[in-house]
Amino acid sequence: MMNKYFLIIAFTLVSLFAFSQTRQISGRVSDVKDQGLPGVTVLIKGTGSGTTTDIDGNYSINVEAGKSLIFSFMGYISQEITILNQSVINITLLEDSKLLDEVVVVGYGVQRKKDITTSVAVVDDKALKDRPIVTVSQALQGKAAGVQVTQPSGKPGSGLAVRVRGATSVLAGNEPAYIVDGIRTTDINGLNPQDIESMTVLKDASAAAIYGAAAANGVVLITTKRGNSDKPMISFNSYFGVSKLRKSIEVLNTREYRDLMNEIGVSYDPSWTQFNDWTEETFGTGYQQSYQASFSGGTEKSRYFVSGGYLTEQGMVEPARFDRYTIRMNLDNELRPWLKTKTSLSTWSISSKDTPDNSSSGRGGVIMSALNTPPFLNVYKNDGSGWFDQNPFQPSWENPVAYMQGPEQMSRDNKVLGSFDAEISLFKGLKFKSNTGVDITSRRWDYYLDPIRTNFGRQNNGIGRSDNSTHMVWQVENMLDYFFKTGDHTFNVLAGNSLRKYQGRGTYIEGTDFPADVNVTDIWAANRISTGGTWKSENSLVSFFGRVNYDFNSRYYLTASIRHDGSSKLVNKWGTMPAFSLGYRLSSAKFMEKFTFIDDLKIRGGYGITGNVEGLNDYAAYALWSYFRRDPQDPLAGPGIYQSSYGNPDLKWETTRQTNLGLDLTMYAGRVVFTFDAYHKNTVDVLLNVQLTSSLPVSYILTNAGEIENRGLEFSLSTVNIDNRDFKWNTDFNISFNKNEVTGLKYTPVYYFGGIYSNNESATRVKAGDPLGTFYGYVSEGVDPETGDIVYKDVNNNGIFDPGDRTVIGYGMPVTSFGFTNNLVYKKFNLNLFFQGSYGNDIFNATRIDLEGMFDSKNQSVDVLNRWTPENTNTDIPRAVGGGNVDNVRNSTRFIEDGSYLRLKSATLSYNVLNNHPRFTFIKNLSVYVTGSNLLTFTNYSGFDPEVNAYGSSAVEVGIDYGTYPQSRTIVFGVNVEF
């Protein structure tokens, strides 16, 4: 009995003791203005237990004495409080200024984000994480307002078209200048995205004018990763993925095809009854895999970052392939307290194979051949010869497998991109900086078509081609940078000069008549040289530049810059490009004090002038003569000479004048960040080839003959929607509107571009009053139920159908482009959804000309099953005509389609397996992920894919689909680990 009472008393004492050790702590969390903060995380340190504050900032939690509470909230500095004998703990959290004090890379330096008065967009390495990004440009797509990135082709390794605030040129190029660790380059295809720390896009002229005649299309500053003085770290990441065709186009089967041939009067062998699905033969399963490793670390005075990577991507249509090997080494050293050096060295090697596309089936286009090849044809002849099966109607038209596997071809590019920087501190605030860099590229392309398997190869007894070139750029820049402060006045003065030299040379040779009994594919085995040539080119650019940044009490800002460039490409070599911008921190005004939810509000404006000298040929301003062999059959015949271009001593580079107004707003302790910009760009002296009279030996002359305008609005919004202990949700949204217009043309009123082979017509034109990329053709009014032919509108009202009836029928450039990213974190899971798209652009679907024309023996799409016949007169598909009659497939509104789309560009689900786990101390972080690319696409476009352009990055032929290699749907599995 006594034992029973003893146990009861003992348990009671233990419970009382435990209760005395665990107490209830309550209180209120507020900011410095005594405003209660809702949603603050109150966490017991070292545990997963905790709570959050209510709408008024109040909280209550049970915690043992001796434990610590951590109070954390987005945009505020966390606080840690140890529990002693308190029962009420009120906390005042201070705002974390890191968001506004974040440093942004700008031209020839850095600036605090809060002090920037120009229009810039920053994309950091988070945009590249857990995404199978092959090229650096892909990371910009949909991530920065005013930066439109399109992937004209889904071919592995294909280039992207990047437009910063619209297109400004017809001939001189519209790509931005890329500055990689201080070195300007035109090729970033080999940069390893995993090596990138951040990218800053200088969008307006006041930001970019410091780069002068290279900056008319914007500037992208790429900063690579560098080592730090922490413990050495080893990182490894790898992924593997497969890709398939997202959407197919259905064509006629053999029976349907034979019916069509009967209708257009094409005879065929009745025994041709078999069916071969050329889509299945052509479109397979692609794959991609990547292996990247990096090593970084160092001390306070010496740091290093070394990385290596291998990436391969095999396309879904053979033989398209892209292989890249990369090595990078970045070193930072403090040799003396007054001397710092920085070395950045990157080298890469790329091997690629091409799948011919953007051409008709009769000119080697694989995609069109897959759709147009007669369905009864086999891949190979049945006679055991190993020959590819021939098209009986057009022997020169190979089947798609012959186009894919017939030639052996490979392109190899090797590049070294490096720079050495030295910084000398002369005295307090004054630094001398010097940068020396090189960009060396060697390129080789080899092609061989054997003399046996293909019809074209047999006709020439084999064909070989080889192209070799080397390119070298060296750059030296020296500058003085002086920073000083007096009272509330802060100055940063920069002055420098730049020397840049390019040299290139190359050879080309083509030969035929290869031995059929020996498998020798090198060009030297050709018995006959068809053509050959060599070239050499060089240019230089000398520049002087300066900039002044002024800041009064972090309230008023002024930035002014000037650059004076001289180019060897021109007779009138020199040009001056000034710029300035102003900023005012409106949130510092006294009347703004009542708006306590606003952390920072700044208005800014700027104006500047930039140029476009990169797109000029090295000898564009000078008369050129070319040599030729008088008689290719006579080895003793001497060379001939002819004038190939006229000189133009008055030629100038294109000049862009840009005005920008903007607003930067940060609210709710950094949880809401909003940016707005409005701009006006006017480009003068646009380069055009002006047609000359036919009596002259040269048909045109390059001159400054145009003017182009771009106007637009940009909005970006970043929000922290939820920031709890277990669940976080962030959103980034940006949208931009751009209106492009050719405002003036001299000498020639209209220019035509975008030739379509099948109907021998141009799809686009350039004319004053129209935007670039304007589609030009006839207005289709449907099918005449009496005749079955297309009726074209009589636009000029002259009573007949003639070329004067052509008019504007569509626009290839979008009205708006946008990106929308949601990042959701739940405990160890992370889901990232990235949507991207465009609205208001048309697509000229030239593929349908060859799929719905019914003018020859090409196979057609199933849409022609609804073609006009005497029994089917109510239709929008005209009659079958045959005989090469292309009257029903004139460039017209019939082939103009809505190109707007919304795409789930990527969806990534990752799981953080280990993160500083005490049992696995050698592993800092381990995560696995799965990413889907192009999973969903919402569009009305009937072709393979709405993100397309048969003419690559051309701004005047944008939005044309002519058998273009489509983009694929991809699933990737990957792992990231840090040691």
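Where does serine 554 lie? Serine 554 is placed in the loop between E26 and strand E27 (556–567). The model that shows this is predicted. The protein has 979 residues, and its secondary structure comes to nine helices and 49 strands. The points below begin with the whole chain and then turn to single elements and residues.

**The protein as a whole**

- The radius of gyration of the protein is 33 Å, which agrees with the value near 30 Å for a compact globule with 979 residues.
- Along the principal axes, the C-alpha trace spans about 115 × 80 × 65 Å.
- Buried residues make up 51% of the 979 residues.
- Among contacts with a separation of 6 or more, 68% are between residues 24 or more positions apart.
- About 43600 Å² of the protein is exposed, and carbon and sulfur atoms supply 56% of that area.
- The protein has 92 positive and 101 negative charges, and the mean positions of the two sets are 8 Å apart.

**Helix H4 and its ends**

- Helix H4 covers residues 254–264, and its buried residues are Thr254, Glu256, Tyr257, Arg258, Leu260, Met261 and Ile264.
- An α-helix has 3.6 residues a turn, so residues three or four places apart point the same way.
- At the start of H4, asparagine 253 has a side-chain oxygen within 3.2 Å of the backbone nitrogen of arginine 255.
- Glycine 265 follows H4 and has a positive phi, near 80 degrees.
- Threonine 254, which lies in helix H4, has a relative accessible area of 5% and is therefore buried, as the cut-off is under 20%.
- A polar atom of the threonine 254 side chain lies 2.8 Å from the backbone oxygen of glutamine 274.
- Leaving aside neighbours within four places in sequence, threonine 254 is in contact with Trp272, Thr273, Gln274, Phe275, Pro375 and Phe376.

**Glutamate 852 in helix H9**

- Glutamate 852 belongs to helix H9, which covers residues 847–852.
- The relative accessible area of glutamate 852 is 3%, so this residue is buried.
- The side chains of glutamate 852 and arginine 894 make a polar contact at 3.3 Å.
- Apart from neighbours within four places in sequence, glutamate 852 is in contact with Gln860, Ser861, Asp863, Val864, Ile877 and Arg894.

**Tyrosine 108 in a loop**

- Tyrosine 108 is in the loop between strand E8 (103–106) and strand E9 (109–112).
- This loop residue counts as buried, because the relative accessibility of tyrosine 108 is 12%.
- A polar contact of 2.8 Å joins the side chains of tyrosine 108 and glutamate 477.
- With neighbours within four places in sequence left aside, tyrosine 108 is in contact with Ile210, Tyr211, Glu477, Met479, Leu494, Phe545, Arg547 and Arg563.
- Glycine 182 is 74 residues from tyrosine 108 in sequence, and the two are 7.7 Å apart in space, C-alpha to C-alpha.

**Leucine 745 in strand E35**

- Leucine 745 is part of strand E35, which covers residues 727–745.
- With a relative accessible area of 21%, leucine 745 is partly exposed, because buried means under 20% and exposed over 50%.
- Neighbours within four places in sequence aside, leucine 745 is in contact with Leu688, Ala705, Gly706, Tyr751, Val766, Lys767 and Ala768.
- Leucine 745 and asparagine 497 are 248 residues apart in sequence, and their C-alpha atoms are 36 Å apart in space.

**Backbone features in loops**

- Glutamate 318 and proline 319 are joined by a cis peptide bond, with omega about 0 degrees.
- Proline 319 lies in the loop between strand E19 (302–314) and strand E20 (321–336).
- Aspartate 513 is not a glycine, yet its phi is positive, near 65 degrees.
- The loop that holds aspartate 513 runs between strand E25 (489–512) and strand E26 (528–552).
- Aspartate 513 counts as partly exposed, at 30% relative accessibility.
- Serine 554 is likewise not a glycine and has a positive phi of about 50 degrees.
- At 23% relative accessibility, serine 554 counts as partly exposed.

Methods:
Residues are numbered from 1 along each chain as its sequence is written. This is a predicted model: local features need pLDDT of at least 70, side-chain atom pairs count only at pLDDT 80 or more; totals for chains, interfaces and linings use all residues. Side-chain values use heavy atoms; hydrogens and water are left out. Helices (H or I, at least four residues) and strands (E, at least two) are DSSP runs, numbered from the N terminus. The radius of gyration is taken over C-alpha atoms; the globule rule is 2.2 Å times the number of residues to the power 0.38. Buried means under 20% relative accessible area, exposed over 50%, partly exposed in between (1.4 Å probe, protein chains only). Contact means heavy atoms within 4.5 Å. Accessible areas come from the Shrake-Rupley method with a 1.4 Å probe; for residues, only the protein chains shown count as cover. Lys and Arg count as positive and Asp and Glu as negative; His and the chain ends are not counted. The place of a charge is taken as NZ of Lys, CZ of Arg, CG of Asp or CD of Glu. A polar contact is a pair of N or O atoms within 3.5 Å; within protein, one must be able to donate a hydrogen and the other to accept it, and residues adjacent in sequence count only if both atoms are side-chain atoms.
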